[in-house]
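Biologist: Please take a close look at one part of this model, the largest nonpolar core, and set it in its surroundings. Which residues touch the most other members of that core?

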Amino acid sequence: MGNTENKIHKNKSGDSVLIRNAAESDAAQIIEINKEVIGEIYYMLREPEEGNYTLENAGNDIKNHLNNPGSLYIVAEVAGKVSGFLEFQNGGLRRTAHTGILSMFIHKADREKGVGSLLLKTLIDWAGKNPLIEKITLAVFSTNERAQMLYKKFGFAEEGRCPKDMKLKDGSYIDSVLMYKFVELIPYLK
């Protein structure tokens with residue numbers, strides 16, 4: 001169940017977007033996207049000098065997601081290149097196995113084209129077919145209003161805030177917004 005079917009969609013620009021399971025061979029492109037997003041400072045937990053990525057670690061992360069029935073690791077591919085990815089990992093204990101947290105990263109040049117929506121819809125559809133998953137959660141910077149609007153569009157609600165959760169180099173703070181969505185098992189699987 002850590003897998004989804006390959007599916008081709010059109011983005012807002014009319015480009016074909018393949019949503020598929022991540023493969024270990026995607027590790028270099030995934031690292032590139034991570035570094036780009038980290039460099040923007042205002043969207044990531046890590047700062048640029050804290051991004052210690054290796055092909056081996058990224059490949060192992062992908063493999064672990066694919067082997068866990070409560071996890072999903074998918075990429076959006078445009079013209080043969082990874083333009084974004086989404087990771088979902090459920091809790092590792094019986095009491096938390098029904099819920100998990102998502103992270104999503106999109107190349108800056110591919111934002112506002114619907115790639116995030118395609119990845120998020122794929123996750124929600126997959127979770128609706130997975131009898132293990134009941135709740136999807138995430139944390140987003142309070143300053144990332146575009147991302148919050150996307151999550152709300154897909155039915156996510158604010159669960160709470162963590163005041164001054166992130167402290168930037170300049171001494172300023174950013175709150176984290178915790179969001180969630182309950183998913184329903186597709187009726188024919190009940």
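Modeller: Accessible areas come from the Shrake-Rupley method with a 1.4 Å probe, and for residues only the protein chains shown count as cover. On that basis the protein chain exposes about 10,400 Å², of which carbon and sulfur atoms supply 51%. The model is predicted, with local features needing pLDDT of at least 70 and side-chain atom pairs counting only at pLDDT 80 or more, while totals for chains, interfaces and linings use all residues. Residues are numbered from 1 along each chain as its sequence is written, and side-chain values use heavy atoms, leaving out hydrogens and water.

Of the 190 residues of the protein chain, 46% count as buried (under 20% relative accessible area, with over 50% exposed and partly exposed in between; 1.4 Å probe, protein chains only). The largest nonpolar core (buried Ala, Val, Leu, Ile, Met, Phe, Trp, Tyr and Cys residues joined through side-chain atoms within 4.5 Å) has 31 residues, and Leu102, Leu120, Tyr151 and Phe156 touch the most other members. Two or more residues come from each of S2, S3, S4, S5, H3, S6, helix H4 (145-153) and S8 (helices are DSSP runs of H or I with at least four residues, strands runs of E with at least two, numbered from the N terminus). The biggest share, eight residues, is given by H3.

Phe156, one of those four residues, is in contact (heavy atoms within 4.5 Å) with Leu102, Leu120, Ile124, Ile136, Leu138, Tyr151, Met179, Tyr180 and Lys181, leaving aside its neighbours within four places in sequence. Apart from the largest core lies another, of 10 residues, among them Ile33, Ile62, Val75 and Phe105.

As for the surroundings, eight strands form an open sheet with mixed pairing (two strands pair if DSSP finds at least two bridges between them), in the order S1-S2-S3-S4-S5-S6-S8-S7. Strand S1 (7-10) and strand S7 (157-167) each have a single partner strand, so one side of each is left without a neighbour in the sheet. S7 and strand S8 (residues 173-182) run antiparallel and are joined by seven bridges. Helix H3 (residues 115-129) lies across S1, S2, S3, S4, strand S5 (99-106), strand S6 (135-141) and S8, running at about 150° to S3 (axes are lines fitted to C-alpha atoms, for helices over the stretch in contact, and angles run from 0 to 180 degrees between N-to-C directions). Helix H2 (residues 55-66), by contrast, lies across strand S2 (16-21), strand S3 (71-78) and strand S4 (81-90), at about 120° to S3.
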